[in-house]
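Reader: I'm new to this, so could you take me through one part of this protein up close? I'd love to hear about a single helix and what sits around it.

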Amino acid sequence: MGLITRICKGLRFSRVSENGYYKVRSTDDPRSDRHGYVYEHRLVAEKKIGRKLASNEVVHHKDRNKKNNKPSNLRVMGRSEHSKLHSRERSRQSGK
Ligand SMILES: [Zn+2]
């Protein structure tokens, strides 16, 4: 709902949060959602590595803070590598 309210107000470059992530307006991006928003961390990561992310690549937040989109906090990883990393963490947290 927050997303739609903001668009109705006509804010062109607003930043909204969804699922704990920030999204920014980028209507010319083919991957933008129906409101013209894309994940900010993906844009920042693409700028950092100087190319578009491949479909099997994901952006990992090094400090685990989904809202810390500083280039130094972002790491581009393969999808399977990334899920392995997080599943290792989960098993450590559960104390097994
Ligand atoms: Zn991650």
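Author: Here is a close look at helix 2 and its surroundings.

First, a bit of housekeeping. This is a predicted model, where local features need pLDDT of at least 70, side-chain atom pairs count only at pLDDT 80 or more, and totals for chains, interfaces and linings use all residues. Residues are numbered from 1 along each chain as its sequence is written.

The protein has three helices and five strands; these are DSSP runs numbered from the N terminus, with helices being H or I of at least four residues and strands E of at least two. Along the sequence, the pattern goes α-β-β-β-α-β-β-α.

Now for helix 2, which spans residues 40-49. Its buried residues are His41, Arg42 and Ala45, where buried means that 20 or more other C-beta atoms lie within 10 Å of the residue's own, with C-beta atoms placed from the backbone. They sit on the same side of helix 2 because they cover an arc of only 100° around the axis, the arc being that of the directions from the helix axis to the C-beta atoms. What do they pack against? Strand 2, strand 3, strand 4 (57-61) and strand 5 (74-78), with a contact meaning C-beta atoms, placed from the backbone, within 7 Å. Right after helix 2 comes glycine 50, with a positive phi near 75°.

Two of those neighbours, strand 2 and strand 3, belong to an open sheet of three strands in the order 1-2-3, with antiparallel pairing; pairing takes at least two DSSP bridges between two strands. Strand 1 (15-18) and strand 3 (37-39) are its edges, each pairing on one side only.

Note on methods. A residue is buried if 20 or more other C-beta atoms lie within 10 Å of its own, exposed if 12 or fewer, and partly exposed in between; C-beta atoms are placed from the backbone. Two residues are in contact if their C-beta atoms, placed from the backbone, lie within 7 Å.
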